[in-house]
Amino acid sequence: MRVDYHTHHARCGHAVGDLEAYIQSAITKGMEQIGLSDHMPLLHVDPATYYPEMAMPMDELPRYVEECLKLKEKYKGRISVRVGLEGDYIEGCEDKIAEIVRAYPWDYVIGSVHFLGTWDITDFRQVHNWEGRNPLQVYERYYDAVRKAAATGLYDYLGHIDAIKRFGYRPQEDVTDLEDSALEAVAKHGLAIELNAAGIHAPCKEMYPSLRMLKRAKELGIPVTYGSDAHHPDKVGQKSADAKALLLEAGFTEIATFENRHRGKIPV
Ligand SMILES: [Zn+2]
Ligand SMILES: [Zn+2]
């Protein structure tokens with residue numbers, strides 16, 4: 001894979017290694033572009049009383065961007081560093097998110113649904129929230145949030161679009177229509193999605209999204225990029241050969257790239 005647009009680093013509290021280590025790992029792996037996309041600071045829950053080590057504190061955000069921009073300059077000619085943010089979509093916080101999106105010179109902003117209310121559905125410490133809930137209702141709420149995220153106009157692409165499957169909780173009912181409704185919203189609003197390799201190591205044991213959704217995305221003309229979602233420098237580009245094979249199987253010949261909030265493309 002020539003690019004990796006989804007990486008984290010130590011600032012978020014649950015990843016290892018500084019930004020530079022991720023860039024160097026990408027260079028070692030022969031990549032042409034590396035996207036830095038750490039988690040947006042928490043907005044709607046109090047970091048002092050919520051689960052620890054979720055995201056960088058708000059006062060770190062300017063330093064994060066400054067360091068990214070410095071590294072972009074430093075590595076010019078060796079690898080193209082793209083400065084991004086994994087921006088959560090949190091219903092009701094659109095104005096605050098917009099402020100952060102407008103405040104910095106991002107190359108791209110990923111729109112990811114992690115939160116349903118105060119429940120981070122991607123956090124293994126919060127898996128107990130599935131107990132006593134109807135999985136279909138959770139899926140409906142999740143995909144409602146994904147459709148709303150697509151409609152905000154704040155993001156360049158949606159991250160791990162079917163992350164709700166992460167811990168293996170799946171409704172008995174068919175969720176094809178729900179999944180497709182999210183993809184249709186992405187297509188309608190001119191966004192892209194990512195093929196996120198991290199799901200391979202989660203209980204769901206497959207990338208985000210599934211091959212079926214990837215094929216549907218292709219039918220809808222949705223561009224796709226690749227992201228490792230690395231939380232350790234060694235994981236940059238993880239499972240990229242498998243990702244490439246999936247993309248080709250779904251019919252993609254190009255991969256989306258992002259610079260200065262414009263989308264480009266390169267061959268897979
Ligand atoms: Zn993370
Ligand atoms: Zn995420």
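**Working through a two-zinc model**

Trainee: What is the relative accessible area of Asp-144?
Mentor: Asp-144 has a relative accessible area of 26%, which makes it partly exposed; bear in mind throughout that this is a predicted model.

Trainee: Which residue forms a salt bridge with Asp-144?
Mentor: The partner is Lys-148, and the closest N and O atoms of the two are 2.8 Å apart. Both residues belong to helix H4, where they are four residues apart, about one turn of the helix. Lys-148 also counts as partly exposed, at 30% relative accessibility.

Trainee: Why would residues three or four places apart in a helix point the same way?
Mentor: An α-helix has 3.6 residues a turn, so residues at a spacing of three or four places point the same way.

Trainee: How many salt bridges does the whole structure have?
Mentor: A search of the whole structure finds 23 of them. One of these joins the side chains of Lys-72 and Asp-107, at 2.6 Å from N to O. Lys-72 lies in helix H2, whereas Asp-107 lies in the loop between H3 and strand S4 (108-112), so the pair ties together parts that are 35 residues apart in sequence.

Trainee: And Asp-107, buried or exposed?
Mentor: Asp-107 is buried, with a relative accessible area of 4%, while its partner Lys-72 is partly exposed at 22%.

Trainee: Where do Arg-216 and Glu-219 lie?
Mentor: They both lie in helix H6 (residues 211-219), three residues apart, again about one turn of the helix, and their side chains meet in a salt bridge of 2.7 Å from N to O. Arg-216 is partly exposed at 22% relative accessibility, but Glu-219 counts as exposed at 59%. Salt bridges with shared partners join these two with Glu-179, Asp-180, Glu-184 and Arg-212 into one network.

Trainee: Let's switch to the metals. What are the protein donors of the zinc ion (ligand 1)?
Mentor: Three histidines supply them, each through NE2: His-14, His-39 and His-231, which lie 2.0 to 2.1 Å from the ion. Along the sequence, these donor residues are spaced H-x24-H-x191-H. His-14 sits in the loop between strand S1 (3-4) and helix H1 (19-28), and His-231 in the loop between strand S9 (224-227) and helix H7 (240-249), so the pair ties together parts that are 217 residues apart in sequence.

Trainee: How accessible is His-14, in relative terms?
Mentor: His-14 is partly exposed, at 37% relative accessibility, and His-231 is likewise in the partly exposed class, with a relative accessible area of 23%.

Trainee: Which residues coordinate the zinc ion (ligand 2)?
Mentor: That ion is coordinated by Glu-86 through OE and by His-114 and His-160 through NE2, at 2.1 to 2.2 Å, and the spacing of these donors along the chain is E-x27-H-x45-H. Glu-86 lies in strand S3 and His-114 in the loop between S4 and strand S5 (115-116), so this pair ties together parts that are 28 residues apart in sequence. Glu-86 is buried with a relative accessible area of 0%, and His-114 is buried with 5%.

Trainee: What separates the zinc ion (ligand 2) from the zinc ion (ligand 1)?
Mentor: The two zinc ions are 6.0 Å apart.

Trainee: New topic, the core. Which residues of the largest nonpolar core touch the most other members?
Mentor: The core holds 97 residues, and those touching the most other members are Tyr-64, Trp-106, Tyr-142, Tyr-143, Leu-158 and Ile-161. Helix H4 (residues 135-151) provides the largest share of this core, with nine residues.

Trainee: Which residues does Tyr-142 touch?
Mentor: Leaving aside residues up to four places away in sequence, Tyr-142 touches Val-113, Leu-116, Ile-121, His-160, Ile-161, Asp-162, Ala-163 and Ile-164. Among these contacts of Tyr-142 is His-160, which is also a donor to the zinc ion (ligand 2).

Trainee: Back to H2, then. Which of its residues are buried?
Mentor: Leu-61, Tyr-64, Val-65, Cys-68 and Leu-71 are the buried residues of H2. Looking down the axis of H2, they fall within an arc of 130 degrees, so they line one face of the helix. The elements covering them include H1, strand S2 (33-39), strand S3 (80-88) and helix H3 (94-103).

Trainee: How many residues does helix H2 have, and what span does it reach?
Mentor: H2 (residues 61-74) has 14 residues and reaches 20 Å from its first C-alpha to its last, close to the 20 Å expected at 1.5 Å a residue.

Definitions and conventions
Residues numbered from 1 in each chain as written. Chains lettered and ligands numbered in written order. Predicted model: local features only at pLDDT ≥ 70, side-chain atom pairs only at ≥ 80, totals over all residues. Heavy atoms only, no water. Donors = N, O, S within 2.8 Å, 3.2 Å for Na, K, Ca; no water. Helix = DSSP H or I, 4+ residues; strand = E, 2+ residues; numbered from the N terminus. Buried < 20%, exposed > 50% of the residue type's maximum accessible area, 1.4 Å probe, protein only. Core = buried A, V, L, I, M, F, W, Y, C linked by side-chain atoms within 4.5 Å. Contact = heavy atoms within 4.5 Å. Expected span 1.5 Å × (residues − 1). Arc of directions from axis to C-beta. Salt bridge = Lys/Arg side-chain N within 4 Å of Asp/Glu carboxyl O.
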